Amino acid sequence: MEKPVPIAATFEIEYLQYLDAEGKLVRDDLPAFARDTKQLVKLYQEMLMVRVFDAKAIALQRTGKLGTYAPCLGHEATYLAIGSTMQEDDCFAPSYREYGVQFHRGVKPRELLMYWGGDERGSNFSGPAHDFAWCVPIGTQCLHAAGSALAFKIRKEPRVAVCTIGDGGSSKADFNSALNVAGAMSLPLVAVIVNNGWAISVPRDAQTGARTLAQKGIAAGLECLQVDGNDLIAMRAAMDHALKRARHGHGGMVIEAVTYRLSDHTTADDARRYRSEQEVKDAWAREPLRRMKAYLMSLNAWTEDEETAWKAQCTKYVDAEVNAYLETKAQPVEAMFDYTYAELPADLLAQREEAIAWEKRT
Amino acid sequence: MAQITLIEAVTQALAWEMKHDPSVVVLGEDVGVNGGVFRATLGLLDKFGAERVIDTPLDETTIGGITVGLAAQGMKPVAEAQFEGFIYGMLEQIICHAARLRNRTRGRMSVPAVWRAPWGGGIRAPEHHSEANEALFTNVPGLRVVLPSSPGRAYGLLLASIRDPDPVIFFEPKRIYRQYKEEVPDDGEALPLDVCFVLRDGSDVTLVTWGAQVKETLEAADALAEEGISAEVIDVATLKPLDFDTIHESVRKTGRCVIVHEAPRTAGFGAEISARLAEHALYDLVAPVERVTGYDTHIPLFRLEMKYLPSVEKIVAAAKRTLAVS
Ligand SMILES: Cc1ncc(C[n+]2csc(CCOP(=O)(O)OP(=O)(O)O)c2C)c(N)n1
Ligand SMILES: [Mg+2]
């Protein structure tokens, strides 16, 4: 066109970071919570705990004591930021590796191990009863969060639904539908895209031609922000903002947390098949714990001795949880029937009897 | 000649057909560099390039729908669902379009596509990775549903499925992906779709099954033989359309039939076979038909899953129940 054409819409996506990879502050407008060093130390300790747990779970899988396990190595800051900003009565709808969020919300490591250890009782966990359990069919949880948010809105409850989704999952119809309905109905929904660079073997750039994943919310009319997902302070600030807006009726938000999957996709995967060692090495320099430790040490709020002592405490706690998991007896055969309906219909009851009788055969 | 596993037979069939028919493309999640999470498409990217071995964005609606579009425009897509439990996002496209396009357009357009998926339980996998959902598809007019149970049949039936002018759901019993090897000549010879395979001749009882349960059923036949009972074993292989004649012929001989499948019992595909026996073979039957199946529950997570799945012992017991009637 030769003459200028009026602009119908424009958008920008901001990128939020407070702590760089070396643990140096890059902004001087620290949010209030971040001035409370004790709280930062506590969150750092929780991140370490998650990391100790993660390594232990992989070891259990390798020795045949756990089924396939999806590690969360590298995602700790994103998860702790979500967990520590949500209120107890907010609703969390995870995919399958958001352990840092869930531990903070009261889920026990032993319950998580039960889930990956092939025992349904893990999903009947000690976390909030209104939180959803692990969701393996990618993206489907986002619409559950949207529906939960609608329930809160209808009942005029000041509660927010939070879902997490991967970079791969951001391609799913369900995810995009969730954003759309949140925008259309102004729902209290916070969708966090945990962009760890990979969806199993498929790199982020193969998912979409969009420059950022955050901007997927623009089309839905949501506020969108890209954040350094390895920076606990930035992620926490972003979550605080998103939850507050949503809670006060200002609608949903999309946060793209840029992090990196430092592990294989799951214990059934071998990432060396499809990504370079160099890429992983580079990512280790940006990982979340290292920078938080450097920052805390620069404030004289944390020492190597404290780190050693805390790690020992984590190991002790995780070992006790692992033992509790390993000592859990399998459910009886009838357990596979008992939650199929609120009340078992006669024909299913008959099958249940059949199954019990078969177990007791001589 | 090389001995290959069932999954290698899948790869071999895909490679043969891609080499001989340039319209064949493979698409799905992780099918490229990674060669599929089970390695069914291993090496295809190197041989045929990224235009024909397509890593899609992670979205089953996309995979289901673009497969219909590709096929309608003269390509022969072979789409992969990473697991049978993730095919549901493709259902609307499969049921509303793939299965109907020929009928809708009075034959003007068609969907010569294959949807492959690893299928079934027993590998200690997480939730949604262990389902036997074939009956969802056998109730859809216009689809073929194929479930091979050996390397040779995987090779021959996959070739036939790709060449078939209509949409085919091709389920691969993942529990026996690497169970054993056999010689499978890479000669491009397809096996007939729509026939059952008699794997073992017998005269006392007919055991009908498909997928990974073929293993337990053959073992059950061995166990019965030790007690002097002669069991005929039929691998249905193509569930839809069903070759009932082969089953009927066997039951005419034995008068007894046990149907084995790992899907839930109610409205499982065994119910269709049982109904046809009631309709066409009632007077050939000496004993009521027995079904050894999963229960009408979700397949449990893996600590209990073997208690859900049919077993050699359950099959033997069912066969003996039919033999107790005379
Ligand atoms: C609907 C569906 N399709 C496929 C899969 C198999 N699958 C499990 S994880 C995964 C990749 C997910 O990548 P991403 O969304 O980036 O999350 P990440 O695992 O990296 O956290 C795939 C394809 C699935 N679980 N659900
Ligand atoms: Mg990812």
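In this predicted model, A:Trp198 is buried, because its relative accessible area is 9% and buried means under 20%. A:Asp167, at 1% relative accessibility, also counts as buried.

These two residues take part in a metal site. The magnesium ion (ligand 2) has A:Asp167 (OD), A:Asn196 (OD1) and A:Trp198 (O) as its protein donors, and they lie 2.0 to 2.1 Å from the ion. Along the sequence, the spacing of the donor residues is D-x28-N-x1-W. A:Asp167 sits in the loop between strand E3 (161–166) and helix H7 (173–185) of chain A, while A:Trp198 belongs to strand E5 (residues 198–199) of chain A; the pair therefore ties together parts that are 31 residues apart in sequence.

Attention now turns to chain B. Here seven strands form an open sheet with mixed pairing, in the order E3-E2-E4-E5-E7-E6-E12. Strand E3 (53–55) and strand E12 (238–240) of chain B are its edge strands, each pairing on one side only. On average, neighbouring strands of this sheet are turned by 20 degrees against each other, direction ignored.

Within the sheet, strand E2 (residues 24–28) and strand E4 (residues 76–80) of chain B run parallel and are joined by four bridges. One of the residues to examine is B:Val26, whose bridge partner in E4(B) is B:Val78.

A helix accompanies these strands. Helix H7 (residues 151–163) of chain B lies across E2, E4, strand E5 (114–119), strand E6 (144–146), strand E7 (168–173) and E12 of chain B. Relative to E7(B), helix H7 of chain B runs at about 160 degrees.

How values were computed: Residues numbered from 1 in each chain as written. Chains lettered and ligands numbered in written order. Predicted model: local features only at pLDDT ≥ 70, side-chain atom pairs only at ≥ 80, totals over all residues. Heavy atoms only, no water. Pairing = 2+ DSSP bridges. Helix = DSSP H or I, 4+ residues; strand = E, 2+ residues; numbered from the N terminus. Axes fitted to C-alpha atoms, helices over the stretch in contact; angles between N-to-C directions. Contact = heavy atoms within 4.5 Å. Donors = N, O, S within 2.8 Å, 3.2 Å for Na, K, Ca; no water. Buried < 20%, exposed > 50% of the residue type's maximum accessible area, 1.4 Å probe, protein only.
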